[in-house]
Amino acid sequence: MTQWVRTCTRDDIDAEGLIRIDHDGRIFAIHRSPDDGFCRTDGLCTQEAVNLADGLVTDHVIECPGHDGQFDCRTGEFKRAQDCGRHQTCPVLVEGEDILIG
Ligand code: FES
């Protein structure tokens with residue numbers, strides 16, 4: 001059974017925004033899509049551990065500030081790879097105004 005942890009509220013993330021979440025010794029990034037969906041991904045790039053929350057977001061695509069690698073935050077699939085592995089992604093649970101990760 002999944003344990004859900006409250007991380008932030010909806011208003012903490014702008015539309016097409018991305019924030020860093022530190023939890024249990026790990027770094028995540030939570031993205032808010034233009035259609036008000038939320039998803040979670042690894043917070044650090046797989047290539048050089050650059051903080052993805054410092055990157056650019058267009059629609060569902062996050063661009064890493066390190067070497068401009070791009071990936072779809074819904075699937076973790078790279079759109080423009082720079083010797084990067086696939087990012088781990090995961091849906092989030094929205095409870096009222098709260099955003100929870102599993
Ligand atoms: S550090 Fe992310 S693409 Fe290189």
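**Strands and core of a predicted model**

T41 stands opposite T89 in β9. That pair is a good place to start in this predicted model, since it takes us straight into a sheet. Strand β4 (residues 38-42) and β9 are joined in the antiparallel sense over three bridges.

Let's widen the view. β4 and β9 belong to an open sheet of four strands, ordered β2-β3-β4-β9, with antiparallel pairing. At its edges stand β2 (17-23) and β9 (89-91); each has a single partner strand, so one side of each is left without a neighbour in the sheet. On average, neighbouring strands of this sheet are turned by 30° against each other, direction ignored. As general background, strands of a sheet pair through backbone hydrogen bonds, either parallel or antiparallel.

Next, follow the chain back to strand β1. This strand runs antiparallel to strand β11 (residues 98-101), and four bridges join the two. Within the pairing, V5 stands opposite I101 in β11. Is β1 mostly buried or in the open? Of its five residues (5-9), the number buried is zero, so β1 lies largely in the open.

Finally, turn to the interior. The largest nonpolar core has 17 residues, and the members that touch the most others are L18, A29, I30, L52, I62 and V92. Two elements, β3 (26-32) and β11, give two or more residues to this core. Its largest share, three residues, comes from β3. To see one core member in its surroundings, pick I62: leaving aside residues up to four places away in sequence, I62 touches L18, H31, L52, G55, V57, Q70, F71 and C73.

Methods: Residues are numbered from 1 along each chain as its sequence is written. This is a predicted model: local features need pLDDT of at least 70, side-chain atom pairs count only at pLDDT 80 or more; totals for chains, interfaces and linings use all residues. A residue is buried if 20 or more other C-beta atoms lie within 10 Å of its own, exposed if 12 or fewer, and partly exposed in between; C-beta atoms are placed from the backbone. Two strands pair if DSSP finds at least two bridges between them. Axes are lines fitted to C-alpha atoms, for helices over the stretch in contact, and angles run from 0 to 180 degrees between N-to-C directions. A nonpolar core is a set of buried Ala, Val, Leu, Ile, Met, Phe, Trp, Tyr and Cys residues joined through C-beta atoms within 7 Å. Two residues are in contact if their C-beta atoms, placed from the backbone, lie within 7 Å.
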